[in-house]
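Welcome! Below are a few short exercises, each followed by a worked solution. Take a look at the structure first, then try each task before reading on.

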Amino acid sequence: MANEKRKNDQKYDNLKTQLLIDLKGEPGKNCGGFCKFCYFRKVSFKNPEPLGCNQCTYHIGCDYCTNSIREINGDFIPLPFAIQQIQDSLMFKRYDKINITSGGDTSYYPYLEELCREIASMGLNIHLGYTSGKGIKSLQSAKNMVDCGVDEVTFSVFSTDSELRKEWMNDKTPEISIECLKHFCKNCETHCAIVVVPGVNDGEVLKKTIADLIDWGANAIILMRFANKIENGLIFGNEPLIEGIDVQTMDEFRAVVEEMYNLYGNQIRLSGTPVYDPITDTPFAILKDDETIMELRKSIRSEATIITGSVSYTFLSKIFKDTPINVIKVNKDISDLITKKDLEEINLNELKETVLIPSRALVHDRDMEEILKKDGVDRIVLRGVDKLTLDGEVSGVYTKEQAIEFEKECFTELIEKINFFGSPIKNN
């Protein structure tokens, strides 16, 4: 157990010493064409409407909530610009690894091999960021990148069935992509992502994909729930992505993750997003720690209302049960994707005099105050803390003990904020 903890601590430290280099690029344009299940498919990139967010200043709409959230980045940057980014960053801090990422698909960057060679000349290893591998045109190219120091890869797999990849990922050369994936699995730390589309790549197809990845030597697999409706997070007016496919409920998706973990969890690190990680018990591992829950509840000295998404509501309503903090959910699965329209559907009679919305909710401060005060009650409306738990995409570098400690610190910060801004507890 001590050795396992040291390994996880080391993985977390390594993550912190990676320099992220953004090559820009856009979905559908710099990725060889949209995958059918892509979150950005059907999104209009002309005259995007700003959503508002915590980064906006006086006006509704900033570059983040207007462009960046839609990955409107422009074309890939030239090779000299990418190299300059790295050199400028290395002047101020030491990094062990360069994480190459983009708004499109990193494998479509036309100078990828040249960039890897330049990074190798600096004596740094390379994390090839989120890629489908569709842009790698030969196995030799993958071998060249590994020879240049690519020792970590995050790979969107979908399926190891070449016909499914061709149909659903718009992969013109699926056999080559799969051969490159095999090479990465054998020679690199390879993290594989699988968007699970009901009736397409689930069931026996999913089992075959996972078994293949284990045989090839992959290090981790994350199962990702397919989104097809606005409540799942399609907030850009692009629902449904695919007609006639029902989205799994959270309980159904969690059951898939549990089934796959029970079958393969002793052979590979396997988790799901937005739920759940069987190793760390996240999201909200803290619920299994009764002592910590009692300590947190005892520290509450003020009243407040927390507005959240439907996934977090399931957990937060249990954590704050029988306390002066009431939790309200909106019809949006993920809290960070709450928009102005979601807040407009809230019954204001359920709100207390202090209201907290998720820190990253896509609502301008002015809008959230106007909406949540329109009944004439002069409430204090503010954002909560940045995070309360760990998503499956990051929990893999934590142990269960580290996850609980992380959440404990987050909830302590949240309660301190409520105690400061909240109204005194009213005695019945």
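**Exercise 1. Find out why C53 and C62 are not joined by a disulfide.**

Step 1. The sulfur of C53 has its closest cysteine sulfur in C62, at 3.5 Å.
Step 2. A disulfide needs two cysteine sulfur atoms within 2.5 Å.
Step 3. The distance of 3.5 Å is therefore too far for a bond.
Step 4. As for its surroundings, C53 is buried, with 2% relative accessibility.

**Exercise 2. State how many disulfides the structure holds, and check C38.**

Step 1. The count of disulfides is 0.
Step 2. C38 fits this: the nearest cysteine sulfur belongs to C35 and lies 6.4 Å away, and C38 is in no disulfide.
Step 3. Is C38 buried or exposed? Buried means under 20% relative accessible area, and C38 has 18%, so C38 is buried.

**Exercise 3. Decide how far the model can be trusted, and where to take care.**

Step 1. Keep in mind that this is a predicted model.
Step 2. The mean pLDDT of the protein chain is 94, and 96% of its residues reach 70 or more.
Step 3. Now turn to residues 1-15, where the pLDDT is below 50. Beyond near neighbours in sequence, this stretch has 15 contacts in the model.
Step 4. Where pLDDT is low, the predicted coordinates should not be read in detail.

**Exercise 4. Look for unusual backbone features in the loop between β7 and α10.**

Step 1. The loop runs between β7 (269-273) and α10 (290-298), and Y276 has its place there. The peptide bond from V275 to Y276 is cis, with omega near -10°.
Step 2. P283 lies in this loop too. The peptide bond leading from T282 to P283 is cis, with omega near 5°.
Step 3. F284 is also found between β7 and α10. Its phi is near 60°, a positive value in a residue other than glycine.
Step 4. F284 counts as buried, because its relative accessibility is 4%.

**Exercise 5. Describe the backbone and exposure of N47.**

Step 1. N47 sits in the loop between β1 (18-22) and α2 (63-66).
Step 2. N47 has a positive phi, near 50°, and is a residue other than glycine.
Step 3. Exposed means over 50% relative accessible area; N47 is at 76%, so N47 counts as exposed.

**Exercise 6. Which residues form a nonpolar patch on the surface with F420?**

Step 1. The patch is formed by I380, F420 and F421, and together they have about 320 Å² of accessible area.
Step 2. F420 belongs to helix α14 (residues 400-421).
Step 3. With a relative accessible area of 66%, F420 is exposed.

How values were computed
Residues numbered from 1 in each chain as written. Predicted model: local features only at pLDDT ≥ 70, side-chain atom pairs only at ≥ 80, totals over all residues. Heavy atoms only, no water. Patch = residues over 30% accessible without salt bridge, like charges linked within 9 Å, V, L, I, M, F, W, Y side chains within 5 Å. Areas by Shrake-Rupley, 256 points an atom, 1.4 Å probe, with all protein chains shown as cover. Salt bridge = Lys/Arg side-chain N within 4 Å of Asp/Glu carboxyl O. Helix = DSSP H or I, 4+ residues; strand = E, 2+ residues; numbered from the N terminus. Buried < 20%, exposed > 50% of the residue type's maximum accessible area, 1.4 Å probe, protein only. pLDDT = per-residue confidence, 0-100. Contact = heavy atoms within 4.5 Å.
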